[in-house]
Amino acid sequence: MSNPLSAFLRDYLTVGIFASLAFVLVGLLLFISWLVRPDRRQAQKYIAYESGVDPVGDMWSQSQVRYYIFALLFVMFDVEAVFIFPWATQLEVFGFFGLIEMTIFIVILLLGLVYAWRKGVLRWV
Amino acid sequence: MTALLAQLAPGNFRAPTLDFHALAPEIVLLVTLVVLVLLDSIKLERARASMPAVTNIGLLAALIPLVTLAADGGTRVMFGGSYVVDPMSLVLKALFIVSAYVVVLLSTNYVAEGDYWESEYYVLLVSSVLGMVVMASSRDLIGIFVALELLSIPAYMLAAWRKGDVRSNEAGLKYYLMGVFASAILLYGMSLVFGVGGSTRLVDIGLRLEEIGTEGVPVVTLALVFVLIGFAFKVSAVPFHVWAPDTYEGAPTPVTAFLAVASKAAGFVALIQIVYFCFIVRPDIIQPIFFVLAVLSMTVGNLIALRQTNVVRMLAYSGIAQAGFMLAPFVVAGELPVQSRQAVVIYLVIYAAMNLGAFAVVIAIARKTGSGEIESFGGLFQYMPGMAVALTLFLASLIGIPPLGGWYAKFSVFKVLVEAQTGLGWATAIVMAVNTAIAAYYYLRVARAMWFDDAPDGDTTPVKVPAGLTAAVTLALVATLVFGVLPGLLSDLTSFQPLALGG
């Protein structure tokens with residue numbers, strides 16, 4: 001019990017127990033519903049469900065490649081937010097040092113936006 | 001852990017004191033990066049011509065603080081021991097920056113003459129170098145991981161730089177997928193190491209591992225194995241090497257040189273940090289792993305290299321074998337920590353010189369032949385005697401023939417393996433000796449084609465080699481010769497204090 005390593009491994013045991021419980025529970029529920037539900041097969045029941053509308057077209061639909069640039073720009077500012085929010089809640093604690101650090105960080109990230117803008121990425125052709 | 005939490009509690013934050021002199025190389029590289037991006041953003045296409053020059057000036061400027069720091073001597077510890085600037089890290093930083101300088105020399109004409117994006121190429125190159133330089137000083141799991149990602153992510157893109165070529169796309173994709181996979185394994189291993197050690201600082205983890213002793217061997221072993229596997233991918237050690245030949249062949253050749261030398265060296269630097277500052281207390285776990293990795297890498301790399309007909313692929317497999325030689329000193333890390341670390345660093349420096357030189361000549365010759373097939377090197381001595389002699393010397397150095405640099409690199413590895421007087425050390429030394437003999441065959445095959453065969457198409461007009469390439473070949477040749485003739489120079493430079501731990 002006192003050994004920290006076995007305690008460390010025991011934490012993983014908890015994860016293992018919960019994982020196997022999850023599988024058992026899902027299996028049990030599926031089994032019970034299979035026991036009690038009526039079984040009437042109809043052709044319509046085998047169509048893919050698409051929000052109640054009849055499914056149309058191929059399932060491999062293509063999306064516009066241009067969206068990936070917006071995804072990239074989004075990631076850029078998402079990461080920025082991940083660092084700015086914790087800093088903002090502790091603004092006084094980090095003081096002047098934190099301000100300088102954050103300014104450097106934001107300026108370097110903004111360079112990416114300037115680059116994207118100058119390369120014409122933001123224009124929707 | 002409690003110390004970490006106390007540090008994060010409000011009111012307990014104290015701004016770290018920054019040693020700007022110690023951080024100067026990183027700051028110079030960062031400024032270079034910003035200048036390159038601004039230049040590209042403001043002048044757009046008109047910036048293309050000036051990019052390589054600005055990159056080179058930035059790299060050379062980053063060398064200046066390295067020299068002044070080396071003159072100052074001593075160890076500078078920052079951020080509670082997470083970032084240490086000691087003589088070893090200075091030597092390694094210089095290695096990365098000089099390698100990058102040579103790679104820029106190799107790239108200038110290649111990138112300008114092909115139909116490539118040029119400005120971004122140098123931006124990515126510099127950011128990768130910045131990651132390597134940070135890696136050389138990181139003594140903390142988080143620092144090492146951030147540095148690893150910073151140096152890898154630009155390299156994934158650079159590998160796919162010949163956008164129109166399917167092979168280059170394949171190279172980039174394979175490198176990316178394998179690299180991300182390795183990062184995931186590494187990160188999982190690091191989380192286990194943190195769970196066992198209770199700290200992200202390597203020194204603290206080492207102390208904790210020592211304290212634990214032989215308790216909890218399974219979880220410690222698991223943690224160490226995962227971390228080592230993550231870096232084994234990076235240094236392309238067998239059995240984690242499968243990405244290397246395809247990536248090296250498909251990537252633009254200057255990028256291949258960069259991956260084979262600087263990126264591989266960065267992987268080894270991470271291994272040095274982790275093994276010598278942290279895992280060294282458990283030689284019983286790490287030494288057998290390194291024995292298997294080293295022996296497999298040498299043998300498999302060499303045996304497959306025998307059958308290659310493309311010189312870049314051959315150099316890729318030879319690089320795997322050379323990685324095996326560099327992994328060998330780790331086998332006796334527990335017995336001779338100082339000497340074995342020195343042997344790895346010496347090998348890294350000399351390997352960088354001779355391998356960059358070999359790639360430089362291959363790039364120069366490919367300007368004429370347009371291919372990397374070994375047959376296309378036929379008759380090279382008749383029309384480009386200078387390049388033929390240079391490549392022969394680089395290949396002889398890779399074999400380890402005195403008085404070239406490669407000889408001293410191999411000698412120092414042998415020396416430390418034998419001096420350790422352990423069974424594993426002897427066994428590794430024997431496998432290494434056999435492999436050195438095997439390697440001679442395929443290196444000399446290229447030399448034979450250059451000296452004795454005729455040009456396959458009968459065309460013996462000499463190629464116009466740009467000044468940058470000639471400079472790169474000369475630089476690498478001088479380094480290879482000097483390190484071979486005056487080995488004392490390098491061994492003085494790399495004789496680090498036994499416990500430059502820091503913190």
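**Helix crossings, core and chains**

Colleague: What angle do helix 7 (residues 166-197) of chain B and helix 10 of chain B make where their axes cross, and within what distance do these axes come?

Modeller: The axes of the two helices cross at roughly 145° and come within 7 Å; this is a predicted model, and the crossing in it is left-handed. From helix 7 of chain B, B:Arg167, B:Ser168, B:Glu170, B:Ala171, B:Lys174, B:Tyr175 and B:Met178 take part, meeting B:Trp243, B:Asp246, B:Thr247, B:Glu249 and B:Gly250 of helix 10 of chain B. By class, the residues of this contact are four nonpolar, three polar and five charged.

Colleague: Which residues in helix 13 of chain B does helix 10 of chain B meet?

Modeller: B:Val312, B:Arg313, B:Ala316, B:Tyr317, B:Gly319 and B:Ile320 in helix 13 of chain B are met by B:Ala244, B:Pro245, B:Tyr248 and B:Glu249 in helix 10 of chain B. Here the residues divide into seven nonpolar, one polar and two charged, and B:Gly319 falls in the polar class because Gly is counted there. Helix 10 (residues 243-250) and helix 13 (residues 311-327) pack at an angle of about 140° with their axes 9 Å apart, and the crossing is right-handed.

Colleague: Why is B:Val345 called buried?

Modeller: A residue is called buried if 20 or more other C-beta atoms lie within 10 Å of its own, and B:Val345 has 26, so the residue meets that cut-off. B:Val345 is found in helix 14 of chain B and, leaving out residues up to four places away in sequence, touches B:Met88, B:Val91 and B:Thr494. The C-alpha atoms of B:Val345 and B:Asn435, which are 90 residues apart along the chain, are separated by 21 Å.

Colleague: Which residues of the largest nonpolar core touch the most other members?

Modeller: Of the 194 residues in that core, B:Phe96, B:Leu106, B:Met135, B:Tyr347, B:Leu348, B:Ala360 and B:Val361 do, and helix 14 (residues 337-369) of chain B gives the most to the core, with 21 residues. Apart from residues up to four places away in sequence, B:Val361 touches B:Met387, B:Ala390, B:Leu391, B:Phe394 and B:Val473. As a general tendency, nonpolar side chains in soluble globular proteins are buried together.

Colleague: What makes the radius of gyration of chain B agree with that of a compact globule?

Modeller: With 503 residues, a compact globule would have a radius of gyration near 23 Å, and chain B has 22 Å, so the two values agree. The C-alpha trace of chain B spans about 75 × 60 × 45 Å along its principal axes, and 56% of its residues count as buried. Its secondary structure comes to 20 helices and two strands, and, among contacts in chain B between residues at least 6 apart in sequence, 81% join residues at least 24 apart.

Colleague: What radius of gyration does chain A have, and what would a compact globule of 125 residues have?

Modeller: Chain A has 27 Å, whereas a compact globule of 125 residues would have a radius of gyration near 14 Å, and so chain A does not follow the globule rule. Its C-alpha trace spans about 70 × 65 × 25 Å along the principal axes, and buried residues make up 0% of the chain. Chain A has three helices and zero strands, which read along the sequence as α-α-α.

How values were computed. Residues numbered from 1 in each chain as written. Chains lettered and ligands numbered in written order. Predicted model: local features only at pLDDT ≥ 70, side-chain atom pairs only at ≥ 80, totals over all residues. Core = buried A, V, L, I, M, F, W, Y, C linked by C-beta atoms within 7 Å. Buried ≥ 20, exposed ≤ 12 C-beta atoms within 10 Å, placed from the backbone. Helix = DSSP H or I, 4+ residues; strand = E, 2+ residues; numbered from the N terminus. Contact = placed C-beta atoms within 7 Å. Axes fitted to C-alpha atoms, helices over the stretch in contact; angles between N-to-C directions. Left-handed = near helix turned anticlockwise from the far one by under 90°. Rg over C-alpha atoms; globule rule 2.2 N^0.38 Å.
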